[in-house]
Amino acid sequence: MQQKEWPAGFRGLESLELLQLTAPNLKGLPDWVVGGLSHLEILHLQEWDSMTAVPETLGRLSFLKELVIQAKQVTILPSWFGERLQSLKNLQIISSPLEELPTSFCKLTSLTTLCLTNTRIRMLPVDFFESFRHLRVMSLRGCSALEKLPPSIGSLTALGHLDLSGCITLKELPTTFRFLSN
């Protein structure tokens, strides 16, 4: 029998700062897990094959600095994503059929690392990169549906690493690409 519920031992871990879960059969994060993890700074949800949406409870992790989501069925991020998770510095969404980002995403102004690896993102909003002044690492590796990058990519003055490998439908780079100095 495979585990589908959270073990009772997760209760009482209020000071936990890092949680890494590989859970292909769990569908979400129960309220009591997130409510009890008020100091959580790093959360990795890997191989969450049963998760179809980012759990609402995740929005209560206001101290979260690093979030990794690997979920094969998550197609959208909730509209509150950028507003409630503004402390994020490292965000990685991996192997998800995610097609677009919510408008609140631009409120993640503290990001230094953004990886949207193997997602189905087609386009990014025109002013998408203007909010990410601190972004140093960006990976769009394997985004095979990505057709173009917005001109605002030239405003990423801190960017030191950009991975566009596997972006097979990317036809051209914007002229502002030359402003990337690192």
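Visitor: What makes Cys-167 count as buried or exposed?

Guide: Let's set the value against the cut-off. This is a predicted model, and in it Cys-167 has a relative accessibility of 9%. Buried means under 20%, so Cys-167 counts as buried.

Visitor: Why is Cys-167 not in a disulfide with Cys-143?

Guide: A disulfide is a covalent bond between the sulfur atoms of two cysteines. The closest cysteine sulfur to that of Cys-167 belongs to Cys-143, at 5.3 Å. The cut-off is within 2.5 Å, so this pair is too far apart for a bond. The count of disulfides comes to zero.

Visitor: What makes Thr-75 partly exposed?

Guide: Its relative accessible area is 38%. Partly exposed lies in between the 20% cut-off for buried and the 50% cut-off for exposed, so Thr-75 is partly exposed. Thr-75 is found in the loop between β3 and α2.

Visitor: Which residues does Thr-75 contact, leaving aside its neighbours within four places in sequence?

Guide: Thr-75 is in contact with Thr-52, Pro-97, Leu-98 and Glu-99. Thr-52 is 23 residues apart from Thr-75 along the chain, with 7.5 Å between their C-alpha atoms.

Visitor: How do you know that the pair of Phe-105 and Phe-128 is stacked?

Guide: Their ring centres are 5.8 Å apart, with 15° between the planes. A pair needs centres within 6.5 Å, and planes under 30 degrees apart count as stacked, so this aromatic pair is stacked. The pair links distant parts of the chain: Phe-105 sits in the loop between β4 and β5, and Phe-128 in the loop between β5 and β6.

Visitor: Why is the pair of Phe-128 and Phe-132 called edge-to-face?

Guide: Here the ring centres are 5.2 Å apart and the planes stand at 65°. Planes over 60 degrees apart count as edge-to-face, so the pair earns that name. Phe-128 and Phe-132 are both buried. Together with Trp-80, Phe-81, Phe-105 and Phe-129, they form one aromatic cluster.

Visitor: What makes Phe-105 buried?

Guide: Phe-105 has a relative accessible area of 1%. That value is under 20%, so Phe-105 is buried. Phe-105 is also among the residues with the most contacts inside the largest nonpolar core, which has 52 residues. The strands β1, β2, β3 and β4 each supply at least two residues of this core. In soluble globular proteins, nonpolar side chains tend to be buried together.

Visitor: How do you know that the side chains along β1 alternate?

Guide: Follow where they point: Leu-19 and Leu-21 face one way and are buried, while Leu-18, Gln-20 and Thr-22 point to the other face and are not buried. In a regular strand the side chains alternate between the two faces of the sheet.

Visitor: What makes β1 and β2 a pair of strands?

Guide: Two strands pair if there are at least two bridges between them. β1 and β2 have five bridges, so they pair, and they do so in the parallel sense. Thr-22 stands opposite Gln-46 in β2.

Visitor: Why does His-44 count as buried?

Guide: His-44, in strand β2, has a relative accessibility of 15%. That is under 20%, so His-44 counts as buried.

Visitor: What makes the link between the side chains of His-44 and Glu-66 a polar contact?

Guide: The two side chains make their contact at 2.6 Å. The cut-off for a pair of N or O atoms is within 3.5 Å, so the distance fits. Among the other residues that His-44 touches are Leu-19, Leu-21 and Val-68.

Note on methods. Residues are numbered from 1 along each chain as its sequence is written. This is a predicted model: local features need pLDDT of at least 70, side-chain atom pairs count only at pLDDT 80 or more; totals for chains, interfaces and linings use all residues. Side-chain values use heavy atoms; hydrogens and water are left out. Buried means under 20% relative accessible area, exposed over 50%, partly exposed in between (1.4 Å probe, protein chains only). A nonpolar core is a set of buried Ala, Val, Leu, Ile, Met, Phe, Trp, Tyr and Cys residues joined through side-chain atoms within 4.5 Å. Helices (H or I, at least four residues) and strands (E, at least two) are DSSP runs, numbered from the N terminus. Contact means heavy atoms within 4.5 Å. Rings of Phe, Tyr and Trp (its six-membered ring) pair if their centres lie within 6.5 Å; planes under 30 degrees apart count as stacked, over 60 as edge-to-face and the rest as tilted. A polar contact is a pair of N or O atoms within 3.5 Å; within protein, one must be able to donate a hydrogen and the other to accept it, and residues adjacent in sequence count only if both atoms are side-chain atoms.
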